[in-house]
Amino acid sequence: MNENDIEHGGVAVMPKTDVSWIPDLFKKRVCTTFVEDSFSNGGLCQCGSMRDTHPSGALGDNFSTAIVSHWDSTQHSCEQPTDAFGELEFAGAGKRHSYFLRLSSTTDPSWVFNIMREHWKLAHPNLVVSVFGGEKRSEVKTWVQEVLRQGLVKAAQSTGAWIISGGLKEGLGRCIGEAVRDYATATSSVTLSKVVLIGIAPWGLVENRQQLVNSEGSFPAKYFVKSVARNFCSLDNSYKAFLLVDDGTTGRKGGEVGFRARLEEYISCQRTGITDSASFDIPVLNMLISGEASMLEALDISLKNSMPWLVLAGSGGLANLVCDIVENVQSAPMASTGGAEKEEGTHNMELRERLAEKIMKYFPSEQEMDKLVDEVLSVYQNKDLISIYDTEQEGSDDFDTVMLKVLVQASKKQVSGITNPHADELRLAVTWNRVDIAKSELFNGNIDWKYDDLKDFMNDALMNNKPQFVRLFIDHGLNILSYLTYGQLEDLYNSISDNCQAGKLLQQILNERKDESSNDKNCRISLYEVSQLLENLLGEVCQPFYMSKLDVNTNSTKRKAFKKACQVLQGECSYRKSLCEHPWLCLFIWAVLQNHSEMAIFCWEMCGESVLTALGGCKLLRELSKQGIESEAKISMKEMAMKLENMAHDVFSMCYQTKASDSYKLLIRKSNMWGDATCLKMAMAADARVFFSHDGVQSLLSQIWWGDMERGTELWKLALTLIIPPLCYTNLIKFRKPKQPFLLSRWRQFWYAPVTTFIGNVLMYFLFLILYAYVLLVDFKPPPPDGPAPSEYVLYFWVFTMMCEEIQEAITMESKTFAQRLMVYFQDKWNKFDVLAISLFIAGLCCRMFSWSYNMGRGILCMDYMVFTLRLIHIFAIHRQLGPQIIILGKMIKDAFFFLFFLAVFLIAYGVANQALLYTYDPSPERAFRRVLYRPYLHIFGHIPVEEIDTDNYWDRDCTDNLTLINEGKEPCRDTSHNWLVVILLVIFLLVTNILLVNLLIATFSYTFSKVQECSDTYWKFQRYNLIVEYHSRPNLAPPFIILSHINNFIKRNFCKEPSTKIHHFAIQIKGREANKLVKWENLQKENFLAVESKKQRGTDSERLKRTSAK
């Protein structure tokens, strides 16, 4: 791997085990010339190492050594491949590892930044805070440590910043490490991973650095320090990464200053953010706390690179000197007369004298005063980049707010001609996700924000999931109707992460289009992929989304739709410039697919048709959770789906309490936004049981169920009227006031009610079962010509009318193709039951017509009678008491299958062993099957043939040991040699099955019963809808008279062209003023709901505590 690979992100593809490229790229420095230290009597080099540690080449040239009086890193050291890199484990400090790298002081900072980002996987910084200061712990005051803990670390966590410090366990570096640990302990363990703490220290200053040396890399290196020698320091275990800068010295400070300045300068030129429009250079802020005079060099270098500095006033040392100079030293004004040059020189001398006085005040023992004065003068000339932070004067501001102001102030001085001078400040606030700063500093009413100013920031807020900023921009002038185009919507979908379940599904659909469309291999996610994904998730609930924008007919087949979409996408795609028709709904669906809960809820708040929209989001999330593999993501999706369902329930509750009649319209209104979907249909598809349990939904269902009849009418009255139809014109049953002539309206009011259809079907089904039983038991004649009997022909016709009804139900499903209709039809388990029953009946009918298969046909028809009888379970699901019990029964049957699995394991194990021990040879498969499976199964219920199993008992059975007779079918005699083992196995088998497994089954049934019983009413109300829809859509007459209804409907639809009126009970089309009025009324109820929720939120203990602390 070479340098170009690093610069182009090549590190990202290098596996962790392959690190051979690191020594080739990163170097260490080794002293090559021994320059004697005058204070060491010849035993120590000026690099800090002893004479005997130098290679022979460094000691050989005595003449050159004698001439050289000052050791220089670049001249007297050379680079060699680094021998210290990898992961670092601090002994006794937990399992969390840190990264470390020994590198030369002349290393290209771009390589280092790339290895930190791509190989070490450190989070991309939104800010870099480089902290300089006191190297001794005594120099760091207590209140400064509190500023670090509550200010710096908190700000770094909230802004996604890197903190760069010395990384050593002394002075300021140690205090920063402790601040990170203390803040993480006070908040949460997750916070610690969000704060990226990087240490840049001199390699020669690290104690026990030989523990890190390994030419092949250490994964990890064990680091342990018992005691620290003078002039050395140990590494701090709170840091995430260590850059150990090697300039060839040992025990010397300051070798990292130049590299650190170059690294910070390089980082400040990198970009942050996802989109180019919202991306900007990573801000780098240097912070000075206390410090020694030797740190003036780093301060001067950084200021010359135009880096802003924040100095903590009152922290001592160099920080106090800089504050004093910036605040109290004033340069003399420029002279306007002819002696300007002379006076300027005089003023410079006076300025140097004043600066020298300040230096003597704070550092009286420093020797190189002229050098310090030059450095301080250079710092003074760049004082515009220095900001002072005084905790007494600015204590009310958060530390991150102070940093924001400093960075913005510095950027304003560097950049001129900006359209909006506050754009940089807003850009930083958005990047740091600090909406509180934006509200207090930028959106307080003093700044007039324009649409163009906020547009780019809106993109960044959406793509980076910052709903609070989206809300802020919308509240301050950004109009979503003129912002979101279909092209921008496609950009949003292309920004979805591939790790997201929706992103994976979109990529799969896109790959299918790439495979088919060979001309366009660089295609990206378009509205076609989004439409296909939504169609796969929503199914037949609504019309496909976005297809009209691609000029695709919604009724066309998938193949035709695909070809048309490819043709449009390969063209100019003019639709991308068009504004979205329902922008908030588009953003809501986009946020829901990513499971961005806060963003989705905000879009829902802004979107119309709130009940249906919440149910639609619930449907999408539940379908996504079924396809997801990761358990955490599935749980999160299910929780969000439940939250949306509860929101739909609560908003509808508000509507129902306000005006019930309008709330009914909400449930059955066809929505233009959701492709003619209705709330009831969407709730059914989303399995929204809580929503269906609402009294308003059940009231509408009851209203549809009873039609124009009075609710609660006794069933015997309905049954009697069915038998004697003219009774409907009496007062036996009460009806609403008719709108048509009495005779016609009363007849329609009775026969068009779904409850009438249900009672008629129940009565006729009982008659069908009676007739079926009569045929099987009494009147089942032999095959033709002796049979069948007339009653059996009636039965045949009856089943034929049932089959016609099932065919009519299948072909009238709301789907595009016949295959899709069949798929929808077979999704209902009771439809499968009906097909099974009719198929068995046809098979039995065919077999009973021939003498050779007569008995087989009779057996099939007998089994089929059981299937038809079990069909009664579905009919009585409408009953309030029986319905929940049927649900419990279904759950218990599922539990029983698990029990049967365990039972089969022990049954086969015991049965085979028991048979083999009792009979040494028995070739009869029939006897083997009965004794291996059937007999052990009877043991469970107490049927134990002791005389056969226990050979000590007399067994009155004719048997033989003759193999010839046994092969001819004779009963073999028992083997008595293993009888003791047979008895033990029987005891163990009965213990396991009768005690363990049976009690396990009882416990499982009890748990299922208690669990379902708690919400049995909710389950029943949900299933009640399916039954009401079924009988609402059925013809009025029951089989076998249903054939008359089919003929009547056929004539009406095809000859008289009369549309069905029943469809209006479950779906109505509302247009014009009435539709607008209904939408506004629903939005008003949603606002009332949000106000109530907001009031509840403000009333919680945590919110009251926040408001109290804010005061």
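Let's open with the disulfide count, which comes to 1 in this predicted model. Select C959 and C973 to see the pair, with sulfur atoms 2.2 Å apart. What hand does the disulfide of C959 and C973 have? Set a dihedral about the S-S bond: the torsion is about 95 degrees, so the disulfide is right-handed. Now show the backbone around both cysteines. C959 sits in the loop between α42 (946-949) and α43 (963-967), while C973 is in the loop between α43 and α44 (979-1014). The pair links distant parts of the chain, with the two cysteines 14 residues apart. As a reminder, a disulfide is a covalent bond between the sulfur atoms of two cysteines.

Stay with α44 and add helix α41 (residues 925-940) to the selection. The two pack at an angle of about 65 degrees, and their axes lie 9 Å apart. Look along the pair and you'll find that α41 and α44 make a right-handed crossing. Which residues meet there, from α41 and from α44? On the α41 side, pick P936, H939 and I940; on the α44 side, pick L986, F989, L990, T993 and N994. Colour them by class and you get 5 nonpolar, 3 polar and no charged residues in the contact of α41 with α44.

Next, jump to helix α28 (residues 660-668) and helix α31 (residues 695-706). Here the packing angle is about 85 degrees and the axes are 10 Å apart. That angle makes α28 roughly perpendicular to α31. Show side chains for Y664, L667 and I668 of α28, then for G696, V697, S699, L700 and Q703 of α31, and you have the contact. By class, the residues of the contact of α28 with α31 divide into 5 nonpolar, 3 polar and no charged.

One more helix pair: select helix α6 (residues 109-119) with helix α10 (residues 257-267). They pack at about 65 degrees, with axes 9 Å apart. So α6 is roughly perpendicular to α10. The crossing of α6 past α10 is right-handed. From α6, the contact takes P109, S110, V112, F113 and N114; from α10, it takes F259, R262, L263, Y266 and I267. The residues in the contact of α6 with α10 split into 7 nonpolar, 2 polar and 1 charged.

Now for some backbone geometry. Most residues other than glycine have a negative phi, and most peptide bonds are trans. Just along from the last stop, select K121, in the loop between α6 and β5 (127-133). Phi of K121 is near 60 degrees, a positive value in a residue other than glycine. Then pick F219 and P220, which are joined by a cis peptide bond with omega of about 0 degrees. P220 has its place in strand β8 (residues 218-223). For another cis bond, go to P1039 and P1040, where omega is about 5 degrees. P1040 is in the loop between α45 (1016-1033) and α46 (1042-1056).

Finally, colour the chain by pLDDT. The mean for the protein chain is 82, and 88% of its residues reach 70 or more. Where is confidence lowest and where is it highest? Helix α1 (residues 3-7) has the lowest, at a mean of 44, and helix α24 (residues 583-593) has the highest, at 95. Select residues 1-16 and the pLDDT is below 50; this stretch has 32 contacts in the model beyond near neighbours in sequence. Residues 334-340 also stay under 50, and there the model has 4 contacts beyond four places in sequence. Where pLDDT is low, the predicted coordinates should not be read in detail.

Technical notes. Residues are numbered from 1 along each chain as its sequence is written. This is a predicted model: local features need pLDDT of at least 70, side-chain atom pairs count only at pLDDT 80 or more; totals for chains, interfaces and linings use all residues. Side-chain values use heavy atoms; hydrogens and water are left out. Axes are lines fitted to C-alpha atoms, for helices over the stretch in contact, and angles run from 0 to 180 degrees between N-to-C directions. Helices (H or I, at least four residues) and strands (E, at least two) are DSSP runs, numbered from the N terminus. Angles under 35 degrees count as roughly parallel, over 145 as roughly antiparallel, 65 to 115 as roughly perpendicular and the rest as oblique. A crossing is left-handed if the near helix is turned anticlockwise from the far one by less than a right angle, and right-handed if clockwise. Contact means heavy atoms within 4.5 Å. Ala, Val, Leu, Ile, Met, Phe, Trp, Tyr, Cys and Pro count as nonpolar, Asp, Glu, Lys and Arg as charged, and the others, Gly among them, as polar. pLDDT is the predictor's confidence in each residue, from 0 to 100. A disulfide is a pair of cysteine sulfur atoms within 2.5 Å.
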